[in-house]
Structure formats: structure tokens, C-alpha cells
Amino acid sequence: EVILAQSLVVLFLRSGIFFLVLSFGILLIRSVRKEVEQREKLQKLTEELEAENVKLKELDQLKSEFLGFAAHQVKGPMNNVKGCADLIATGAYGQVSDEAREKALKIKENAQRTVALVGNLLDLRKIEEGKMDFTFTQVDIVKVAKGMAEDYKVSAGAKGLDLQFASAAPSLAIKADEQKIRQVIQNVIDNSIKYTDAPSTSSGQKGFVKVAVEEQGDYALISVSDSGRGMSQELVKKLFGRFVRDEQPAKEIQGTGLGLYISKQIVTAHHGQIWA
């Protein structure tokens with residue numbers, strides 16, 4: 001049509017349209033080619049990421065298997081240490097001095113905390129793999145909580161703390177996995193003792209940890225309070241997260257930051273709530 005133009009006006013008009021269409025075509029082809037190249041790069045990147053993801057999953061599986069193996073290897077011997085220390089402290093092997101009894105109780109306490117730590121690591125692995133199993137039965141929560149409080153009286157006494165237990169009712173039946181609920185109560189009491197300092201002798205006051213059980217409608221409320229250090233509002237908001245610990249005493253107090261995270265998973269599985 002440019003060649004057959006009858007006048008200069010038509011010639012310029014058709015030439016202009018030709019160059020516009022040509023320019024648009026070139027830009028369009030470049031745009032399409034660029035998009036194709038980007039898609040190819042994206043496809044390649046996706047394939048590489050998928051390959052890396054597979055490797056990460058394999059490494060994560062190996063980590064979990066190693067963690068489970070190592071934890072099981074530690075748990076058995078530490079239970080033996082705990083049992084032997086308890087027998088020495090109670091005089092099963094004969095009378096021992098007060099100093100030896102105190103050392104045996106300290107060994108028992110440290111072994112108990114190590115066993116709890118190993119248990120937390122094993123539970124974390126189960127939670128990550130979605131394999132945390134529960135066996136729900138009728139459980140007397142007053143009996144369970146009172147038993148846990150009794151178990152920790154020695155540890156509390158060693159720090160100069162008064163561990164108290166109170167319940168409005170002599171018994172209270174709930175539907176729960178007894179072992180798991182026992183673990184939750186243990187984690188919270190252990191935290192209270194760990195983060196409550198012994199009061200100075202000059203004050204004349206004794207530090208305390210109080211465990212209480214009461215019935216609230218269809219629920220059992222188990223509370224643990226203490227005369228401890230307290231917590232900032234920032235810490236309270238994230239307290240039940242994984243690997244969360246108070247930065248201030250973290251260097252002087254042993255822990256993994258997993259106890260309360262696991263406790264929340266257990267309580268949630270019981271259709272309950274846990275808070276601070």
C-alpha cells in the first residue's frame with residue numbers, strides 16, 4: 001500500500017502506520033521473548049528449589065532420627081543415676097551423712113531435669129512429625145497435681161522455698177492423658193522453682209511456690225503461682241513459643257525454652273487453655 005500510494009499525504013500516512021506497526025511488533029516480540037526467558041529461569045529456579053527442599057527434608061529427617069537416638073541413649077542412664085541417687089538419699093544403702101544426703105539429692109535433681117530435657121526433645125520431634133499420641137481416660141487431677149507437688153518439695157526446700165498445695169475438693173475427675181497432663185504440671189512447677197530465688201535471711205520472709213486445683217464449670221483450673229522474679233509483658237506475649245526464654249537469667253539457669261511450648265501443644269490437644 002505504501003508503494004501504490006497516489007499522493008504524498010497518503011504515502012506519509014501509510015508509511016507512518018507501517019513504522020508504528022513495525023515498532024509495536026518488535027517491542028511485542030522482545031517482550032514475549034523476555035517473558036519466555038523469565039519463565040525458563042523461574043522454572044529452573046523452581047526445580048533447583050524443589051531439589052534443595054528434598055535435601056532439606058532428608059537432612060531434617062536425619063536430624064530427627066539422630067535426636068531421637070541420642071535422647072534415648074541419654075534417658076536410660078540418667079534414669080539409673082536418678083534412681084541410685086534417690087536410694088542413697090533415702091538410706092537404702094545404709095545411713096549417710098547429711099552432706100552426702102544433700103549431694104545425692106542434688107544429683108537426683110539434676111538427673112531429673114536432664115531426663116525432663118531429653119523428654120522435651122523427644123516430644124518436640126513427635127510434634128514436628130505429627131506423631132504425638134494421646135490416650136484419654138478418667139483422671140483424678142487433684143491426685144495428679146498433689147503428687148507432682150510432693151515430688152518437688154525436696155527441690156523447693158533445697159532452695160529455701162515453701163511449696164504449698166491446695167484444692168477445694170478432695171478429688172476432681174477429668175478426661176485426660178494422665179502422663180501428658182503430669183508432664184505439663186511438672187514443667188510449670190519446675191519453672192516456678194527454677195525462676196524463684198531464695199529470699200535473703202535478713203528479710204525474714206520465705207519464698208513460695210503454690211499449686212492449686214479448683215473446679216470452674218466444666219473445666220478444672222490448675223494454677224501455679226510463686227514469689228519469683230516476674231516477667232515482662234513482652235515475654236508473656238511470646239512465652240509459649242518454641243525456644244523462647246527470658247534473656248536475663250538464661251545464662252545462669254539451665255533450660256531449652258521448649259517446656260512451655262510442649263505444654264501448650266498438650267493442653268490444646270485436651271481442648272484446654274494455658275496462659276501466664
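At 67% relative accessibility, His271 counts as exposed in this predicted model. His271 is placed in the segment that follows helix 7. The backbone of His271 deserves a second look: phi is positive, at about 60 degrees, although the residue is not a glycine. A similar entry can be made for Phe243, where phi is near 60 degrees and again positive in a residue other than glycine. Most residues other than glycine have a negative phi. Phe243 sits in the loop between helix 6 (233–238) and helix 7 (259–269), and with a relative accessible area of 51% Phe243 is exposed. The cut-off for that label is over 50%, so the 51% of Phe243 is enough to count as exposed.

With these two loop and tail positions in hand, the overall architecture can be set out. The protein chain is built from 7 helices and 5 strands. Read from the N terminus, the order of its elements is α-α-β-α-α-β-β-α-β-β-α-α. For 276 residues, a compact globule would have a radius of gyration near 19 Å, whereas the protein chain has 33 Å. The C-alpha trace tells its part of the story through its spans along the principal axes, about 125 × 45 × 40 Å. Helix 1 covers residues 8–89, and helix 2 covers residues 98–129.

The surface and the contacts give a further view of the chain. Of the 276 residues, 25% count as buried. The exposed area comes to about 18,900 Å², and carbon and sulfur atoms supply 56% of that area. As for charge, there are 37 positive and 36 negative side chains, with the centres of the two sets 2 Å apart. Among contacts between residues at least 6 apart in sequence, 70% join residues at least 24 apart.

One pair of residues gives a handy example of separation in sequence set against distance in space. Leu67 and Leu121 are 54 residues apart in sequence, and their C-alpha atoms are 7.5 Å apart. Leu67 belongs to helix 1. At 25% relative accessibility, Leu67 counts as partly exposed, because that label covers values between the 20% limit for buried and the 50% limit for exposed.

A second pair, Asp123 and Gln183, brings polar side chains into the picture. Asp123 lies in helix 2, while Gln183 is found in helix 5 (residues 178–194). Their side chains are joined by a polar contact of 2.5 Å. Asp123 has a relative accessible area of 7% and is therefore buried. Gln183, at 16% relative accessibility, counts as buried too, since the label applies under 20%.

The surroundings of this pair can be filled in from the contact lists, with neighbours within four places in sequence left aside. For Asp123, the contacts are Met132, Gln183 and Ile262. For Gln183, the contacts are Asn120, Asp123, Ile262 and Ile266. Ile262 thus appears on the list of Asp123 and on that of Gln183. Helix 7 spans 259–269, and among the contacts of Gln183 are Ile262 and Ile266. For a reader with the model open, Asp123 offers a convenient starting point: from its place in helix 2, the 2.5 Å polar contact leads to the side chain of Gln183, and Gln183 in turn lies in helix 5.

Technical notes
Residues are numbered from 1 along each chain as its sequence is written. This is a predicted model: local features need pLDDT of at least 70, side-chain atom pairs count only at pLDDT 80 or more; totals for chains, interfaces and linings use all residues. Side-chain values use heavy atoms; hydrogens and water are left out. Helices (H or I, at least four residues) and strands (E, at least two) are DSSP runs, numbered from the N terminus. The radius of gyration is taken over C-alpha atoms; the globule rule is 2.2 Å times the number of residues to the power 0.38. Buried means under 20% relative accessible area, exposed over 50%, partly exposed in between (1.4 Å probe, protein chains only). Contact means heavy atoms within 4.5 Å. Accessible areas come from the Shrake-Rupley method with a 1.4 Å probe; for residues, only the protein chains shown count as cover. Lys and Arg count as positive and Asp and Glu as negative; His and the chain ends are not counted. The place of a charge is taken as NZ of Lys, CZ of Arg, CG of Asp or CD of Glu. A polar contact is a pair of N or O atoms within 3.5 Å; within protein, one must be able to donate a hydrogen and the other to accept it, and residues adjacent in sequence count only if both atoms are side-chain atoms.
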